[in-house]
Amino acid sequence: MWWRPESSEASGPLTGPPLQRWVGGALIGAGLIGLVTGLVAILNLHLPPRGLLILYLLAVVPVAIWWGAGPAALISAASVITFVLLIAPPQSEGTSVVAFAVFVATALVVAGLAAGLRRSVRRSQELAAEQSALRRVATLAAEGVPATELFVAVTREVGELCGADLTRLGRYEDGGTVIRVAAWTRMPARLPIGGRVPVEETRVARDVLRAGAPVRVSGTDATNGAGGPLARELGIRSSIGCPVVAGGRLWGVVVVSSRNPRAFPPETEERILHFTELLATAVTNAEASAALLRNADEQAALRRVATLAARGGADPGPVFRSVADQVGGLLGADCTSVLRFESDRTATYLAAHGWRDTRRRGPGARWRPETPSVIEQVQRTGRSARLDYASLGEQPPSLDGEDVTSTVASPIVVESRLWGSIGVASRTGPLPPDTEDRLVAFTEIVATAIANTESRAQLAASRARVIAAGDATRRRLERDLHDGAQQRLVSLALELRNVQAEVPDELSGLSAGLGRLAADVTAVLDELRELSRGIHPAILSEGGLGPALRTLARRSPVAVELTLRLDHRYADAVEVAAYYVAAEALTNTVKHANATHAELAVEEYDGELRLLVVDDGVGGAVPTGGTGLTGLYDRVEALGGTILVSSPGGGGTRIEVALPLRAG
Amino acid sequence: MLWCNAGAVVRRCVIVDDNERFLAVARSSLERGGLEVVGTATTTTQALELIGALRPDVVLVDIALGTESGFDLVHRIVAESSARPHVVLISTRREDDVAELVSASPAAGFVWKADLSARAVRDVVAAGEQ
Ligand SMILES: Nc1ncnc2c1ncn2[C@@H]1O[C@H](COP(=O)(O)OP(=O)(O)OP(=O)(O)O)[C@@H](O)[C@H]1O
Ligand SMILES: [Mg+2]
């Protein structure tokens, strides 16, 4: 583009150095005078010479147009002198002077007109170029191209429009840094982007941030911009920085630079501002929709994890795994770990995602976090920590071979005690500054899941305690009955018989009365026995599960096929639970099933006591029908066991129970 | 009174029970039926000493001896005593409730305390010998 004012090879006759202008004008003018003089000499043969002087305007006007009024005045003088000397000596001095004055006046007017014309042509071309550049950028923004693409387009358009040698776009960050998001140069140079420098170490970006307005820097100062070394390497001598204000805050800065110290005309700032406005709109839109999108993703992931946590059974493992899987993608991290802190200052991996060395990070793997590492910092301070690595050499051994460049970890705090940590790591530059904040949402869910699990475990434990206390009371009651009332009644019955035996034969009425008394006492004893059996089966505490279940089976009105594979005693709670399951199931079989046959099998297997009660009755057992089955669920679950009741209508009833032997 | 070895006539008897009142009632009941109660004990240790010293024909053992178990005592009598008396388990509980345990023990049999008599004891011993 010919009007581009900045570089030397593009300089025209009017804008070049003055000497060049004068010499050029003089040489061309001299040539033109030669040509005109030749023409005049030929015409002079036929026409009177006086009228021919005017022809020298043919030499003066072009020079006035292209080289300006000064050289044109020189050529005017040269033309008059040439004419006077070669063609026709003047009759008087006056004629030459008048001719000279006319020539100079014409030159001035023509030069002025030419310059004005040139200016307005240039202006309109500049405007057209600016408009089409703006339109291109606006079209891109409207098409919703990725922000990075838009940034590159803006730096290129601004650079070309302003005739810059180098253009950069930087975004201000919260931590007082500026990150280069796009760059353009007309020179062959590698343009690193993604570089992050503290604002204070920059020149242009810092001044723009301080002033909140365009800033112009020239001379050696200009090389100390955000592109410091690059600017030096390219020999930058002048720069302009313009703020990008998006959504009411200073979002970033556009810096245009040139090797020419006077490259940028005064209206350059204004011209750049048109672009930064466009950029700001696009950025605001892009950020809003990105935030929206991110928010939606994050919300969805959080919801998934929270649902898992809420639904979670005794084991929060699935929550840990799901968090590990989701966090990385959402926070733009490559690797994630969920860790529990142990009292001996080690940490245990609960879940991990994206790491190369998976063996070191298997669930349950323990290690002592190295100093310095983010996990160690969280462990020590209870607060979020970040370590960015410029070189692999500074990394703790646990990151060997992972090529990690940045790590962030946040604490998992369960009921105000430091429980563990979620850590993320990136292999591509620093993690975004808001990583710590966004991790918190996840650490909170994990903490809730853990708290839930713990309170669930406490609930189960307290339920087990309640049941155990109930059992103990019943056992004591049974014992008290046995040692007290039963014992006395037994002695009484025996004594009555003794007395009866002593009664003389003639008092047969007394004897019969005593006999009835003894029989009554025995009947009361029988009732008492039924009662105390219901309270607690004595045989269970005295003989254990085997004899107790055999007694149960023997007494059952429905034939019971019994299979017992037990060889020792178990914890009271387990024995009682197993006994109650069998007793309630067999009672139900008798009461509801209309069965002809039942099976009772109990065995110890794989650390569990397994119990199976099957009948061939009518089926259709439902826990809502009474308190019996519900009570079984309570007992079994309180011990951390499982119970499965399947009772299809007409298909008999099958109850399977497994009781853990260690936990009980 | 005749001294007899086990298996012939059952005459001399020791009762092991932790309830004094029952001991008294049982003694009169048994003695009326012709069984001489040569001694009573309330604990395992006492019982074993007594059995060693008195060499009874039959020992009646209460299943529930306070904190001790009558079944354990039966085992020890059989294992440790040179006297080799017959052992009959007694209890306030009914036979139905303890049958599993009684049949698993080396005792000759079981008599419910309310039914205790010399005859019942002799019947159990006789049944146990067959
Ligand atoms: N083995 C079975 N065969 C057929 N129906 C059964 C069986 N067990 C239970 N049911 C049905 O399921 C219902 C619930 O049983 P559950 O033991 O909870 O209560 P219940 O036996 O009726 O009363 P409770 O046990 O509290 O005395 C019963 O009312 C009965 O209708
Ligand atoms: Mg029931």
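How many residues of chain A are in contact with chain B, and how many of chain B with chain A? In this predicted model, 30 residues of chain A touch 25 residues of chain B.

## Where the chains meet

Put the two chains together and about 2,500 Å² gets buried between chain A and chain B, with carbon and sulfur atoms giving 49% of that area. On the chain A side, look at A:Gln487, A:Leu494 and A:Glu542: this trio supplies 23% of what chain A buries against chain B, more than any other three residues.

There's plenty of charge pairing to look through here: the rule finds 13 salt bridges across the interface of chain A and chain B. One to pull up on screen joins the side chains of A:Glu542 and B:Arg93, at 3.2 Å from N to O. Polar contacts turn up too, in 18 residue pairs across the interface.

As for what chain A brings, helices H11 (435-502), H12 (508-535), H13 (538-543) and H14 (545-555) each give two or more residues to the side touching chain B. H11(A) has the largest share, with 16 residues. Sorted by class, that side of chain A has 13 charged, nine nonpolar and eight polar residues.

## Space inside

Now for the cavities. Searching the whole structure turns up two of 30 Å³ or more, and the largest holds about 180 Å³ of space. It's lined by 19 residues, with A:Trp355, A:Trp367, A:Val374, A:Ile375 and A:Leu399 closest to its centre.

In chain A, strands E7 (335-341), E11 (406-414) and E12 (417-426) and helix H10 (374-381) each give two or more residues to this lining. E12(A) has the largest share, at three residues. By class, the lining of the largest cavity splits into 12 nonpolar, five polar and two charged residues.

Terms used: Residues are numbered from 1 along each chain as its sequence is written. Chains are lettered from A and ligands numbered from 1 in the order in which they are written. This is a predicted model: local features need pLDDT of at least 70, side-chain atom pairs count only at pLDDT 80 or more; totals for chains, interfaces and linings use all residues. Side-chain values use heavy atoms; hydrogens and water are left out. Contact means heavy atoms within 4.5 Å. Buried area is the accessible area (1.4 Å probe) that two parts lose on being put together, summed over both. A salt bridge is a side-chain nitrogen of Lys or Arg within 4 Å of a carboxyl oxygen of Asp or Glu. A polar contact is a pair of N or O atoms within 3.5 Å; within protein, one must be able to donate a hydrogen and the other to accept it, and residues adjacent in sequence count only if both atoms are side-chain atoms. Helices (H or I, at least four residues) and strands (E, at least two) are DSSP runs, numbered from the N terminus. Ala, Val, Leu, Ile, Met, Phe, Trp, Tyr, Cys and Pro count as nonpolar, Asp, Glu, Lys and Arg as charged, and the others, Gly among them, as polar. On a 1 Å grid over the protein atoms alone, a cavity is a set of points where a 1.4 Å probe fits but cannot get out, and a pocket is an open set with protein on both sides within 12 Å along at least five of seven lines; lining residues have an atom within 4 Å of a point. Grid points are joined across faces, edges and corners, and a volume is the space filled by probe spheres set on the points.
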